[in-house]
Amino acid sequence: MEQGLGSGSDAPPGSIDKSRVLDVRPLRCLVPVFPNPPGASSVSTPHPAPFTCVPPSGPFPPGVQPFYPFVASNDAQQTTPGGRNHNGNFGFGSSIPAPVPLNSFRTPATKANGGTGGRSKGSKNRASRSVGMDDDGYSESQNLSDQYGSGFNDVDVASNSGKRRGRPRKRVAENGEEFDVESLVNSFLTAFRLKEFDESRRSNGDKDITGTILLVFDLIRRRLTQLEEAKDMAPGLSRRPDLKAGTLLMTKGVRTNTIKRIGHVPGVEVGDIFFFRMELCIVGLHAPSMAGIDYMSVKITMDEEPIAVSIVSSGGYDDDGDDGEVLIYSGQGGVQRKDGQMFDQKLERGNLALEKSLHRANDVRVIRGLKDVAGSNGKIYVYDGLYKIQESWVEKNKSGCNVFKYKLVRVPGQPEAFLLWKSIQQWKDGTAARTGIILPDLTSGAESQPVALVNDVDGEKGPAYFTYTPTVKYTKSFSTSKPTSGCHCMGGCQPGDTHCPCNQKNDGLLPYSSLGVLLTNKSLIHECGQTCACPPNCRNRMSQAGIKVRLEVFKTKNKGWGLRSWDPIRSGGFICEYAGDAIQAFNAVDIGNGNDDNYIFDATRHYEPLEAVRDDSTGYGKAPFPLVISAKNNGNVARFMNHSCSPNVFWQPVLRENNNDSYLHIAFFAVRHIPPMQELTYDYGMVPPEKRDKGKKRCLCESAKCRGYFY
């Protein structure tokens, strides 16, 4: 620092001009400060005097001066020659502020291609922007310290460098066993062939790469959720496994579409949904993890200027987007501080990028954040496609500050996204009628949610008659070698309860989250049975509670009847079980291979595993459960799920035990996030080679991985 802190020769002695820009240079080394003799310059070469330790708040020996931020205020009380004032505060006014820890000052992340805008939420004033909060209402310090925990706060989640410091991360479960997070992540990356993720796939993705990265992110997130729930954590401590999973992937360079671009992002379709902001980051749809405006720099002649590429409107501000085709978006800035000071927004960063995009008329991606009803305080982010900024203006907000407003109009010719959500809500509210409804409830009240029967394709009045039953019917159970005991969890099975026999059967961990999301990747799930004392709403009875999303059976164009949902479904979310008449396969060897029953689930078939790596000798995994279910006469909505070679639903065997008897059930879960009105499909599997001479059908899934046939 080459100049003193004084405000000039005409300033009162001892005053400090905090507004001056000082020439501050980094220290090459640390040099101890020795007290200087009276009258000596504080910047002269120190004299060889004894070393003195001086606390920041004093008292200061003669010749040692206080430094910012511990300097005295201009109106500090008069001090004695010894440096002590009359109230004992050593010349620093009425009180000495506590030193501010260095980790409270966060270095801004390096901005790629011009950086990212800082439109982030957190102020009670909906039109203002508080830099310290994200769009989900979590503070930045909470995200980066409390949420990551030890070992995670040294990673910049917005950085493209992927550098990480420190030792490999480990967590300790309640039973005292450590689990290595690094090994957990590497196992998933190996299983999905993401261990060596090259630069070309990192820069530009496609549908397959994007889907795989999102799937791996969610599998890691769910596994971290399960493991951390089993720990003995302090009550009220918030967990953010989504941030941890995203950080772990990005530090390893597993992300795609890192090159910023105008327009659609490869691998992401209009209408796709995301439940976490980190998902937007790792697929390149919206790079900043908290800011609402993403922008890049473009070169105009010799100069560069920012243009907006995407925005997130999550309902946290004075954004008006109920129209569906038009969005009135509020700018960034205008912070209202706790001390009551308010500021006008400035034409800089994201605001400037939006203004430049208005004049350049470039497309801007719009992601709308909608309330997740099932997830309490969470958001569902819907990619609503491309918009153009039509006009901008400045208006006063409720606090009297100037706020920038931008009118965005949706580019015509795109598939419905947000408008479809509005239509579905009107169907639920009864303010609009669903076209083509044949029956409002196919189940006749057998399910907790009505299932509509819809045909808006042709004049067919419905499928062949069957009796609706919500679960599988057994005439004979599977026998177990030894009797099993039920749990005594009167309040329901709890995570980390090592004394619960049901948890012990599931490797000491609960297989489901509180939202009904499957957390485990085990081949068999043990649910609570009839002898268990836990209530019906126990988390370990998830598949027994029936469907929880609003489904409809609809007529497809060329595949007969199909199944889809009015509600969004999370990755790993429970959908339904396959109901019908259970048949033990060793008593019905050839069942399902004929043409007399098209409503068959055969667990003895070969099924493609969820992971990308499989046994090359067979190409498919085999479920070792001799169960066949016929839904021809008795069944539920699962009988209408069609086959796909790239399905969005997978099945999982669930075992419920009662003394010496075991009952196997087939539960269906979402492979990935499924938007509303997308058909639900699963892989019917492959029959053994000796049975492939009959029952072969042409596949109409039209996916990129279509085998051309199924059984």
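**Exercise 1. Determine whether Glu391 is buried, partly exposed or exposed, and describe the salt bridge of Glu391.**

Solution. In this predicted model, Glu391 has a relative accessible area of 37%. Buried means under 20% and exposed means over 50%, so a value in between is classed as partly exposed. Glu391 is therefore partly exposed.

The next step concerns the partner. The side chain of Glu391 meets that of Lys407 in a salt bridge, with 4.0 Å from N to O. Glu391 belongs to strand 8 (residues 379-396) and Lys407 to strand 9 (residues 402-410), so the pair ties together parts that are 16 residues apart in sequence. Lys407 has a relative accessibility of 21% and counts as partly exposed.

**Exercise 2. State which residue forms a salt bridge with Lys207, and explain why the pair ties together separate parts of the sequence.**

Solution. The partner is Glu269, and the closest N and O atoms of the two residues are 3.3 Å apart. Lys207 is placed in helix 4, whereas Glu269 is in the loop between helix 5 (241-251) and strand 3 (273-274); the pair therefore ties together parts 62 residues apart in sequence.

Accessibility completes the description. Lys207 is exposed, at a relative accessible area of 53%. Glu269 is partly exposed, at 42%.

**Exercise 3. Decide whether Arg656 and Glu527 are buried or exposed, and locate the salt bridge between them.**

Solution. Both residues are buried. Their side chains meet in a salt bridge of 3.5 Å, N to O. Arg656 lies in strand 25 (residues 649-670) and Glu527 in strand 14 (residues 525-527), and the pair links distant parts of the chain, 129 residues apart.

The wider count may now be added. The protein has 30 salt bridges. Among the residues involved in salt bridges, Arg434, Asp456, Glu552 and Arg564 are linked in a network.

**Exercise 4. Identify the members of the largest nonpolar core that touch the most other members, and find which helix supplies the largest share of this core.**

Solution. The largest nonpolar core holds 61 residues, and those touching the most other members are Phe192, Val216, Ile220, Leu249, Phe274, Ile282 and Leu285. The largest share of this core comes from helix 4 (residues 207-229), which supplies ten residues.

Phe274 serves as a worked case. Leaving aside residues up to four places away in sequence, its contacts include Leu214, Val268, Leu280, Tyr381 and His673. A second, separate core of 44 residues includes Leu655, Leu664, Ile674 and Phe710. In soluble globular proteins, nonpolar side chains tend to be buried together.

**Exercise 5. Explain why Cys500 and Cys493 are not joined by a bond.**

Solution. The closest cysteine sulfur to that of Cys500 is in Cys493, at 3.7 Å. A disulfide requires sulfur atoms within 2.5 Å, so the distance of 3.7 Å is too far for a bond. The count of disulfides in the protein is zero. Cys500 is buried, at 1% relative accessibility. Cys281 is also buried, with a relative accessible area of 2%.

**Exercise 6. Describe residues 695-711, and place them within the protein as a whole.**

Solution. An unreviewed UniProt entry lists residues 695-711 as "domain: Post-SET". In the model, this span is 0% helix and 24% strand, and its end C-alpha atoms lie 6 Å apart.

For the whole protein, the secondary structure amounts to nine helices and 28 strands. Of the 711 residues, 50% are buried. Among contacts with a separation of 6 or more, 66% are between residues 24 or more positions apart. The protein exposes about 34,900 Å², of which carbon and sulfur atoms supply 52%.

Methods:
Residues numbered from 1 in each chain as written. Predicted model: local features only at pLDDT ≥ 70, side-chain atom pairs only at ≥ 80, totals over all residues. Heavy atoms only, no water. Helix = DSSP H or I, 4+ residues; strand = E, 2+ residues; numbered from the N terminus. Buried < 20%, exposed > 50% of the residue type's maximum accessible area, 1.4 Å probe, protein only. Contact = heavy atoms within 4.5 Å. Areas by Shrake-Rupley, 256 points an atom, 1.4 Å probe, with all protein chains shown as cover. Core = buried A, V, L, I, M, F, W, Y, C linked by side-chain atoms within 4.5 Å. UniProt positions renumbered as here; feature names shortened; annotations may be inferred.
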